[in-house]
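Here's a quick briefing to read with the model open beside you. Take a look at the structure first, then work through the notes below.

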Amino acid sequence: MRRQTHPWWFLAPAFAILLVFFFLPTLFNFIYAFTDWSGFKSAINPVGLDNFAQLGSDGTLLRAVRITLVYAVLVALFQNLFGFGLAVLLERDTRLNRVARVFFLVPVLMSALAVGYVFQALLKPQGSLNGLLGIDYAWLGDTTWSIVVVAVIHAWKWMGLSMLIYLAGLKTIPEDLLEAARIDGASRARAFWAVKFPLLAPAVTFNVATALLGSMNGFDIVQATTGGGPARTTEILNIFIYRTFGQGLFAQATAMSLVLFLLVALLAFPVIRTLRRREAIL
Amino acid sequence: MRKLQPFAVTALVLVVIGVPLWLVVVTAGKSQGEALNPDFSLPQRWQLWENLRQVWTDGEVPAAFFGSLLVVVPTVFALLVFGSMASWVLARRATRLNAVLYALGISGIVLPPAVVTVVLLLRQLGLAGSAIGMIGVYTGIYMSTVIFFVTGFVRTIPVSLEEAAQIDGAGPVKVFWRIVLPMLRPVLATATILICLYVWNDVFYAFFVIGGRLDTLPLNLFRVASAGLYLNNWHLIFAYVVLMSLPLVVVLTVAQRRIISGITSGAVK
């Protein structure tokens with residue numbers, strides 16, 4: 001009976017696409033990362049761990065992983081701080097707040113590449129921001145701090161999305177709960193931090209997880225602002241993959257792609273579990 | 001506090017959003033010499049129209065616009081149809097195998113696609129650099145997102161409606177097409193918005209898969225900008241940004257409510 005009402009073959013097209021265009025390339029990652037596949041010759045031979053040994057010995061591997069993790073953590077931090085602040089500021093449904101929310105959505109819809117170019121122009125050493133501040137600082141040319149600047153730009157682009165999710169979270173909190181707290185003598189600030197904030201936990205998990213995992217897979221904004229520089233201090237994994245792929249070093253690019261996959265998979269397991277648990281409640 | 005809020009909001013919008021957008025618009029209206037070091041001053045003579053016309057031809061905007069459409073429309077269509085078919089069965093069956101399939105189906109939400117080896121695979125399939133290859137890759141990448149959103153939604157729909165149709169003798173195809181799909185409209189709207197947002201703006205996957213053999217708007221922006229940065233053609237870069245963002249601004253003003261509810265509905269549930 002059940003077999004006829006919801007037939008298995010309904011799954012076929014979606015899973016065929018997933019298999020061919022998602023799982024198979026991922027499987028290939030595990031094979032070609034251990035070969036000498038390159039753009040300079042047609043033969044592909046297995047070379048064992050040579051690619052990883054080479055990437056590990058000159059420090060590239062660890063550095064790219066470290067930069068990617070630092071970038072992801074910074075983006076998650078800034079994006080949530082900005083998004084949360086905006087949501088609290090724009091919580092009431094006034095006309096002005098509604099208009100302001102739409103304005104903060106503009107960067108979310110804009111191409112990340114375009115966002116990167118806008119900030120490159122804004123932050124040029126002889127550019128407009130320095131002109132306004134009367135200083136001469138290379139915002140995107142600092143080997144220590146540029147990664148923070150780029151993370152802020154990434155967060156600027158996506159903070160509208162976090163804001164919307166926090167706003168939706170705030171909406172689900174019943175008003176009488178806050179009233180009860182206030183009757184019990186809680187100050188406005190205390191009612192906020194003790195009652196409202198804990199109830200925002202689902203929105204926080206979602207926002208932190210998507211920002212963290214999304215920025216680990218980031219590319220456009222870094223490429224359009226620093227291109228990985230200065231001195232490769234903002235070279236996250238995808239920038240490295242793009243650069244080495246362009247040089248014809250396909251096996252090295254694949255090896256890094258595998259590293260990114262394993263890194264995200266390692267961090268993603270707890271995330272998927274949380275997302276699925278949330279659905280079980282629903 | 002309450003009285004200050006409107007001023008704080010206005011100031012924040014002006015500084016945080018207004019300043020970058022202002023820079024884009026005034027620079028896009030300047031001559032090359034004036035735009036050499038982009039600043040906030042108004043152009044001495046507005047030549048926005050000439051700049052737009054120049055990038056329209058230099059950036060091959062019509063071809064890029066067509067290329068973007070050629071990729072986005074079939075991707076959205078395939079994702080919505082195949083994604084909801086699979087989601088319906090995944091949501092309604094409660095077997096162990098089903099749970100495994102669902103976990104596999106949504107794994108792509110977080111796992112990064114293998115961008116390098118997908119190129120190799122497409123070459124072997126004879127699809128390298130083609131629109132079909134690009135559509136396949138995007139569909140593979142975003143299928144998980146669609147399955148996640150739609151399956152969650154189907155679970156909230158009571159089965160009784162389907163059963164009524166089944167008693168009337170409707171087969172699964174008819175039940176899906178006539179009863180289930182129309183009810184999915186809100187979640188499919190959400191999915192469409194998200195997919196369009198990702199695919200329309202994507203440049204990373206397009207670099208690998210298309211590699212210059214098909215024009216899309218972001219790829220051409222990259223080309224214009226790469227040449228432009230070398231030549232310091234900021235006025236052209238920003239003219240292209242204006243041109244590329246115009247459709248989005250139109251969509252946002254027309255459908256802001258839909259977009260806002262769409263983006264939030266999936267996330268907080």
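Of the 269 residues in chain B, 49% are buried. Bear in mind that this is a predicted model. Both chains are helical with no strands: chain A has 14 helices and zero strands, while chain B has 12 helices and zero strands.

**Chain B**
- Reading along the sequence, you get helix after helix, in the pattern α-α-α-α-α-α-α-α-α-α-α-α.
- The C-alpha trace of chain B spans about 75 × 60 × 30 Å along its principal axes.
- Among the chain B contacts with a separation of 6 or more, 74% are between residues 24 or more positions apart.

**Chain A**
- Chain A runs α-α-α-α-α-α-α-α-α-α-α-α-α-α along its sequence.
- Its C-alpha trace covers about 75 × 75 × 30 Å along the principal axes.
- Here 45% of the 282 residues are buried.
- For contacts in chain A with a separation of 6 or more, residues 24 or more positions apart make up 71%.

**Where the chains meet**
- On the chain A side, 76 residues are in contact with 69 residues of chain B.
- Helix α2 (residues 12-32) of chain A gives the most to that side, with 14 residues.
- Sorted by class, the chain A side that touches chain B has 56 nonpolar, 17 polar and three charged residues.

**A closer look at α2(A)**
- The 21 residues of α2(A) should span 30 Å at 1.5 Å a residue, and the end C-alpha atoms are 28 Å apart, so the two figures agree.
- There's also a kink of about 40 degrees in this helix, centred on A:L19.
- Its buried residues are A:A14, A:I17, A:L18, A:F21, A:F22, A:P25, A:T26, A:F28, A:N29 and A:Y32.
- As a reminder when you look at that list, an α-helix has 3.6 residues a turn, so residues three or four places apart point the same way.

**The nonpolar core**
- The largest nonpolar core has 174 residues.
- Which residues have the most contacts inside it? They are A:V118, B:V118, B:Y240 and B:V241.
- B:V118 is worth clicking on: leaving aside its neighbours within four places in sequence, it is in contact with A:F21, A:P25, B:P113, B:V137, B:F208 and B:V209.
- Two of those partners bring us back to α2(A), where A:F21 and A:P25 are both buried.

Notes: Residues numbered from 1 in each chain as written. Chains lettered and ligands numbered in written order. Predicted model: local features only at pLDDT ≥ 70, side-chain atom pairs only at ≥ 80, totals over all residues. Helix = DSSP H or I, 4+ residues; strand = E, 2+ residues; numbered from the N terminus. Buried ≥ 20, exposed ≤ 12 C-beta atoms within 10 Å, placed from the backbone. Contact = placed C-beta atoms within 7 Å. Nonpolar A, V, L, I, M, F, W, Y, C, P; charged D, E, K, R; others polar. Expected span 1.5 Å × (residues − 1). Bend = angle between axes of the 7 residues up to and from the residue. Core = buried A, V, L, I, M, F, W, Y, C linked by C-beta atoms within 7 Å.
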